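Open the structure in your viewer and keep the selection tool at hand. The tour below goes stop by stop: select, look, move on.

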Amino acid sequence: MALINPSILSADFARLAEEAKAVEGADWLHVDVMDNHFVPNLTLGAPVVEALSKATDTPLDLHLMIEDPDRWAPQYIEAGAGSVTFHAEAAAAPVRLAREIRAKGARASMALKPATPIEPYEDLLPELDMLLIMTVEPGFGGQAFLDIMLPKIRRTRELISKHGLEMWLQVDGGVSASTIERCAEAGADVFVAGSAVYGADDPAKAVRELRAQAESATAKADWACAH
């Protein structure tokens, strides 16, 4: 099953509660936390996450694009996150951090920037509930999808299958009606969509249509047939 996680980075920040309600048919709400250090942008922190978690029944999928996630990740679980993604490039002790996130009751996820290969992290995969492959450089919404990431998605799906894991494979960046089928065919099953959802006249309808596209592509994909 394909999961669609609209990114509130593309929403109207002055109307976050309403924007969350506009996509209540979504599987998760993707929340980008940026610190202006790990990435050259500054977004929101734990107090806003806590307020958002009270304003919606859609679970929150936190993507921490921050330095020192080992220190800061736990407070986002306390603020209401159901899933917390830290970056491999920023974590000092990724296994320990993943275990701490799980111990606190959230799903543990790790993200890789476009230039970071998956292979060095193969042995770490069983510690995770999800792996996020960035399909743009992290930091800003509205960027064009990087097709050169498709082979990396395929390799990651092969590693997940090789180890018999039930983890999710998420893609984030430039996901839209014109790119989501390629991502699904390559092996992704969780899709972060920002502009494609919040730039639409009917965000809830956009979520349904993207999910249908992804599920149709998945049904024909070699990796899903072999699963």
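**Stop 1: Gly173**

Select Gly173 and show its surroundings. Which residues is Gly173 in contact with, leaving aside its neighbours within four places in sequence? They are Thr135, Val136, Phe145 and Val192. Contact here means heavy atoms within 4.5 Å. Gly173 sits in the loop between β7 (168-172) and α6 (180-186). Helices (H or I, at least four residues) and strands (E, at least two) are DSSP runs, numbered from the N terminus. Gly173 has a relative accessible area of 7%, so it counts as buried. The classes are buried under 20% relative accessible area, exposed over 50%, and partly exposed in between, with a 1.4 Å probe and protein chains only. Now add Gln143 to the selection. The C-alpha atoms of Gly173 and Gln143 are separated by 6.7 Å, with their positions 30 residues apart along the chain.

A note before going on: this is a predicted model, in which local features need pLDDT of at least 70 and side-chain atom pairs count only at pLDDT 80 or more, while totals for chains, interfaces and linings use all residues. Residues are numbered from 1 along each chain as its sequence is written, and side-chain values use heavy atoms, with hydrogens and water left out.

**Stop 2: the whole chain**

Zoom out and colour by secondary structure. The chain holds nine helices and eight strands. Its C-alpha trace spans about 45 × 40 × 30 Å along the principal axes. The radius of gyration is 16 Å, which agrees with the value near 17 Å for a compact globule of 227 residues. That radius is taken over C-alpha atoms, and the globule rule is 2.2 Å times the number of residues to the power 0.38.

Switch on the surface. The accessible surface comes to about 9,600 Å², and 51% of it belongs to carbon and sulfur atoms. These areas come from the Shrake-Rupley method with a 1.4 Å probe; for residues, only the protein chains shown count as cover. Of the 227 residues, 56% are buried. Take the contacts between residues at least 6 apart in sequence: 62% of them join residues at least 24 apart.

**Stop 3: strand β4**

Select residues 81-87, which form β4. Start with Ala81, which lies in this strand. Is Ala81 buried or exposed? Its relative accessibility is 7%, so Ala81 counts as buried. Beyond residues up to four places away in sequence, Ala81 touches Leu60, Leu62, Tyr76 and Ala106. Add Ser53: its C-alpha is 7.4 Å from that of Ala81, and the two are 28 residues apart in sequence.

Move along to Ser83, also in β4. Ser83 is buried, at 3% relative accessible area. Outside its neighbours within four places in sequence, its contacts are Trp28, Leu60, Asp61, Leu62, Ala106, Arg107, Ser109 and Met130.

**Stop 4: the α3 and α4 pair**

Select α3 (residues 69-78) and α4 (residues 94-103). Their axes come within 10 Å and cross at roughly 10°. The two helices are therefore roughly parallel. Axes are lines fitted to C-alpha atoms, for helices over the stretch in contact, and angles run from 0 to 180 degrees between N-to-C directions. Under 35 degrees counts as roughly parallel, over 145 as roughly antiparallel, 65 to 115 as roughly perpendicular, and the rest as oblique.

Show side chains. From α3, Pro69, Asp70, Ala73, Pro74 and Ile77 meet Leu97, Glu100 and Ile101 of α4. By class, this contact has six nonpolar, no polar and two charged residues. Ala, Val, Leu, Ile, Met, Phe, Trp, Tyr, Cys and Pro count as nonpolar, Asp, Glu, Lys and Arg as charged, and the others, Gly among them, as polar.

**Stop 5: loops and backbone angles**

Select Asp68, in the loop between β3 (60-65) and α3. Asp68 is not a glycine, yet its phi is positive, at about 55°. Asp68 is partly exposed, at 36% relative accessibility.

Go next to the loop between β2 (29-34) and α2 (46-55), where Asn36 is placed. Asn36, likewise no glycine, has a positive phi of about 65°. Its relative accessibility is 44%, so Asn36 counts as partly exposed.

Pro40 lies in the loop between β2 and α2. Pro40 is exposed, at 56% relative accessible area. Add Pro138: 98 residues separate it from Pro40 in sequence, but their C-alpha atoms are 8.8 Å apart.

**Stop 6: Lys220**

Finish at Lys220, in helix α8 (residues 203-220). Lys220 counts as exposed, with 66% relative accessibility. Its C-alpha is 9.5 Å from that of Ala184, 36 residues away along the chain.
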